[in-house]
Amino acid sequence: MAEKIIGIDLGTTNSVVAVIIGDEPVVIANQEGSRLTPSVVSWTKEKEVLVGEPAKRRAILDPENTVYESKRFIGRKYEEVLEEAKRVSYRVSADDKGDASFEIPNLGRKVRPEEVGAQVLKKLKEAAEAYLGEKITKAVITVPAYFNERQRQATKDAGKLAGLEVLRILNEPTAAALAYGLDKKSDVKILVYDFGGGTFDVSILEGGEGVIEVKATAGDTHLGGANVDERIMEWLIEEFKKETGVDLKKDRTALQRLKDASEQAKKELSFKLETEINLPFITIDPSTNQPLHLQKRLTRARLEEMIKDLVDRTMEIVKKALEDAKLRPQDIQEVVLVGGSTRIPLVQQRIKEFFGREPHKGVNPDEVVAVGAAIQAGVLSGQVKEILLVDVTPLSLGVETYGGVMTVLIPRNTPIPYRKCETFTTASDYQTEVEIHVLQGERPMAKDNKSLGKFYLTGIPPAPRGVPKIEVCFDIDVDGILHVTAKDLGTGKEQSIRVQASSGLTQEEIEKMLKEAQLHEEEDRKKKELVEAKNQLDQHVYNLEKILKENREKLPAELVSEAEKVLEEAKKVFAGAQDVQEVRRATEKVLETAGKVGGHLYQQTSRTSGEGGEVIEGKPM
Ligand code: AMP
């Protein structure tokens, strides 16, 4: 029998391992008998490593040597994670490569997020080996859809450190769709609503005949169950202060206990209407030196009031994903819930109100991603029939063209792999090289977007502008890697580069870029309009100049001097004008003059106008 391949959901808060047995995915319980393993690792003074529940329990005792939510830091530079680092109690710093890492006093060294991930993976691997009674060496691991190449590679490295060959890195929403069986349905669109411990993600997927296609993704990397816990905590601290005058915020041990109790209360309120929070000996009253106890009742209604805005935010993100996919709520056949926080009744209620139907409850929200990973693993081991998976580009990709404009070749949310070619031309006469500047982003002006790379296509035979035909092709492969080639169709000469389509962009950066595009929409539109008007003016000036040069002696002197004046004026406008109307007036003037000149040259019918489409910013030699 073929070697078994396990599927692992390496989560921010919890991790899960599953495998296909017979035809069915089975979630495997860990050494403590739990199907959910906290993604927490702790190192003792004796340098012993604890993973999962035992490590989570040590978080109170020894927060300095206990790492949780390490997934937030994996494959990222220290400078990218400063905001995140503030949220955790242990120390995050840069290692010698500038990557985010954790200082662990008990080890006397820094630990990389991959090493933390590897410890969790190792525990899950061993749990699977104990359950199956065989050695496991291969796995499929899931990551958020927005993870970039570096984060994916670091996750793979974590697997390697754990003694696992990672055969595939699978996007979490795609895994959820597999677990739901989307590949077996035909023409069904689902929305995956993933509300976990620290993050919120929405994905819209379409399935049919063995194919799953991601239509859109959106999310917030700082919205999760932990925010709900914080609300309860803040309320408890405030109430306690009102009653005793003591501020628990200053007491670290008390805070950790409050955090755990808040999470516990939240979970209970998913099934009960009321709960009691009981924390004896929470602190010492500094004025009397007597121990103080905390005891509060919390109702579900009260909790819902506290977190209404958090749930509203998730629904705003749902709306955005629908807009991006150009779909209405009624176009979604099923909402698949992922993540423990979807157990909150208010969440389910809001989804039901919005979509007009109950969310799908067939798969356990904590386990659905791991089950999907196991199905993908089953495909790779030959236990499950082949499924084709398709992902999308998070942002638009294009090149810089004349006037500093970004011309999009591949719009955002295009399913990958994908190939698109477009023909461009030169901006100046006898230009022999063009610069191909590859960009990513949603802003019309090149400088406002992210530069992915540049290269030159040289050796173009000298020709009037507009004549050379340069074909630029964008090719994104299944791993999201973009290959750009430029080819002079005249000579067949070719140049290319390879760039990461997601190069170093985090979900926050993607969100930021999208927000900025929205914010500057009007001003960007105006800028683009001005550049386009100027490009047009430039083209007409060029044409008129050319006609004048070639036919000078055939034209009356006063017409030539009038035309020259108009051209001079137009060039001034081209160089300095900021007002689109002024540019248009100058263009009309040039056209009018060209008409007059043309009238005189009635025999000359073929006009020399630019062809071959848009112009790539070039460097005349
Ligand atoms: P995940 O990242 O998917 O493991 O989700 C973990 C989050 O789900 C944590 O914030 C948990 O507190 C939360 N969670 C788990 N069970 C429940 C529940 N019954 N009600 C509300 N939240 C829950």
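This is a short tour of the structure, stop by stop, with something to select at each one. Keep in mind that you are looking at a predicted model.

**The whole chain**

Start zoomed out with the protein chain as a cartoon. Along the principal axes, its C-alpha atoms fill a box of roughly 105 × 65 × 55 Å. The cartoon should show 14 helices and 28 strands. Of the 621 residues in the chain, 53% are buried.

Now colour by domain. Domain 1 takes 6-223 + 311-389, domain 2 takes 225-307, domain 3 takes 393-505 and domain 4 takes 521-605. If you put a centroid on the C-alpha atoms of domain 1 and another on those of domain 3, the two centres are 35 Å apart.

**The ligand**

Next, select the ligand and show the residues around it. Where does the ligand lie relative to domain 1 and domain 2? Domain 1 and domain 2 both give residues to the shell, so the ligand lies between them.

There are 15 residues around the ligand, and Thr13, Asn14, Glu263, Lys266 and Ser270 come nearest. Colour the shell by class and you get two nonpolar, nine polar and four charged residues. Which helix gives the largest share of the shell? Helix H7 (residues 252-268) does, with three residues.

Then turn on distances and pick out these contacts:

- Asn14: an N or O atom of the side chain is 2.9 Å from an oxygen atom of the ligand.
- Gly340: here a polar backbone atom is 3.2 Å from a ligand oxygen atom.
- Arg343: a polar side-chain atom lies 3.5 Å from a nitrogen atom of the ligand.

Switch on a surface while you are here: on its own the ligand has 500 Å² of accessible area, and the protein covers 89% of it.

**Ser39 and Asp194**

Select Ser39, in the loop between strand S4 (37-38) and strand S5 (40-43). With a relative accessible area of 4%, Ser39 is buried. Add Ser15 to the selection, and you will find a polar contact of 2.9 Å between the side chains of Ser39 and Ser15.

Move on to Asp194, which sits in strand S13 (residues 186-195). Is Asp194 buried or exposed? Its relative accessible area is 12%, so Asp194 is buried. Select Val369 as well: Asp194 and Val369 are 175 residues apart in sequence, with 9.9 Å between their C-alpha atoms.

**Helix H4**

Select residues 149-161, which make up helix H4. From the first C-alpha to the last, the 13 residues of H4 reach 18 Å, close to the 18 Å expected at 1.5 Å a residue. Show side chains and look for the buried positions, which are Glu149, Gln151, Arg152, Ala154, Thr155, Ala158 and Gly159. Gly163 follows H4, and its phi is positive, near 80°.

**Two positive phi values in domain 2**

Go to Phe281, in strand S16 (residues 274-284). Phe281 is not a glycine, yet its phi is positive at about 50°. Its relative accessibility of 54% puts Phe281 in the exposed class, because the cut-off is over 50%.

Follow the chain to Asn289, in the loop between S16 and strand S17 (291-299). Asn289 is another residue other than glycine with a positive phi, near 65°. At 58% relative accessibility, Asn289 counts as exposed.

**Pro464 and Val580**

For the last two stops, leave the ligand behind. Select Pro464, in the loop between strand S25 (450-457) and strand S26 (470-476). How does Pro464 count at 27% relative accessibility? Pro464 is partly exposed, since that class runs between 20% and 50%. Draw a line to Val120: the C-alpha atoms of Pro464 and Val120 are 63 Å apart, and the two residues are 344 residues apart in sequence.

Finish at Val580, which lies in helix H14 (residues 580-600). Val580 counts as buried, with a relative accessibility of 12%. Measure across to Val188 in your viewer, and you should get 47 Å from C-alpha to C-alpha for a pair 392 residues apart in sequence.

Note on methods
Residues are numbered from 1 along each chain as its sequence is written. This is a predicted model: local features need pLDDT of at least 70, side-chain atom pairs count only at pLDDT 80 or more; totals for chains, interfaces and linings use all residues. Side-chain values use heavy atoms; hydrogens and water are left out. A residue is near a molecule or strand if one of its heavy atoms lies within 4 Å of it. A polar contact is a pair of N or O atoms within 3.5 Å; within protein, one must be able to donate a hydrogen and the other to accept it, and residues adjacent in sequence count only if both atoms are side-chain atoms. Accessible areas come from the Shrake-Rupley method with a 1.4 Å probe; for residues, only the protein chains shown count as cover. Helices (H or I, at least four residues) and strands (E, at least two) are DSSP runs, numbered from the N terminus. Ala, Val, Leu, Ile, Met, Phe, Trp, Tyr, Cys and Pro count as nonpolar, Asp, Glu, Lys and Arg as charged, and the others, Gly among them, as polar. Domain bounds come from an automatic or database domain assignment. The expected span of a helix is 1.5 Å times one less than its number of residues. Buried means under 20% relative accessible area, exposed over 50%, partly exposed in between (1.4 Å probe, protein chains only).
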